[in-house]
Amino acid sequence: MSVTYLPLQAWNKHWTLDGSRVRCRICGVSQDLTAAGAFQHALGCKARTPQAQYPSRELAALLQQKIHAGLF
Ligand SMILES: [Zn+2]
């Protein structure tokens with residue numbers, strides 16, 4: 001049961017929600033949840049990865065999994 005929550009915990013370690021924006025916990029840069037482009041970290045942010053990051057899409061996918069699993 002608790003395993004179901006781990007992806008959201010992992011998401012929460014890297015990102016935080018600020019109103020309608022998603023913010024990187026390390027560099028503090030934020031992006032609107034509806035922005036279609038990849039997340040742009042500040043230069044030198046340790047959370048940067050070689051591949052593009054889409055935190056709002058990840059969050060939407062996690063929520064969708066929970067809804068499908070009947071957790072709401
Ligand atoms: Zn960052």
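Let's start in the sheet: Asp18 stands opposite Arg21 in strand 2. Strands here are DSSP runs of E, at least two residues, and helices are runs of H or I, at least four, both numbered from the N terminus.

Before going on, the ground rules. This is a predicted model, so local features need pLDDT of at least 70 and side-chain atom pairs pLDDT 80 or more, while totals for chains, interfaces and linings use all residues. Numbering starts from 1 along each chain, as its sequence is written.

Now the overall layout. The protein has 2 helices and 3 strands. Along the sequence the pattern reads α-β-β-β-α. The C-alpha atoms fill a box of roughly 40 × 20 × 20 Å, taken along the principal axes.

Two totals next. Of the 72 residues, 10% count as buried. Buried means 20 or more other C-beta atoms within 10 Å of the residue's own; exposed means 12 or fewer; partly exposed lies in between, with C-beta atoms placed from the backbone. Then contacts: of those with a separation of 6 or more, 20% come from residues 24 or more positions apart. A contact means that two C-beta atoms, placed from the backbone, lie within 7 Å.

Back to the sheet. It is open, with 3 strands in the order 1-2-3 and antiparallel pairing. The edges are strand 1, residues 15–18, and strand 3, residues 30–32, each pairing on one side only. Pairing requires at least two bridges between two strands, as found by DSSP. Neighbouring strands are turned by 30° against each other on average, direction ignored. For angles, axes are lines fitted to C-alpha atoms, for helices over the stretch in contact, and values run from 0 to 180 degrees between N-to-C directions.

Take the strand 1 side. Strand 1 joins strand 2, residues 21–24, through 4 bridges, and the two run antiparallel. Leu17 stands opposite Val22. The two strands form a hairpin with 2 residues between them. Gly19 sits in that turn, with a positive phi of about 65°.

Now the other side. Strand 2 and strand 3 pair antiparallel over 3 bridges. Arg21 turns up again here: its bridge partner in strand 3 is Asp32. So much for partners; the turn of this hairpin has 5 residues between the strands. Gly28 in the turn has a positive phi of about 80°.

Which residues of strand 2 are buried, and which are not? The side chains alternate along the strand. Val22 and Cys24 point to one face and are buried. Arg21 and Arg23 point to the other face and are not.

On to the loop between strand 3 and helix 2, where we find Thr34. Thr34 is exposed, because only 8 other C-beta atoms lie within 10 Å. Thr34 and Ser56 are 22 residues apart along the chain, yet their C-alpha atoms are separated by 7.6 Å.

Last stop, helix 2. This helix covers residues 55–68, and Gln65 is one of them. Helix 2 has 14 residues and reaches 20 Å from first C-alpha to last, close to the 20 Å expected at 1.5 Å a residue. That expected span is 1.5 Å times one less than the number of residues.

Why does Gln65 count as partly exposed? Because Gln65 has 13 C-beta neighbours inside 10 Å. From Gln65 to Gly44 is 21 residues in sequence and 33 Å in space, C-alpha to C-alpha. After helix 2 comes Gly70, with a positive phi near 75°.
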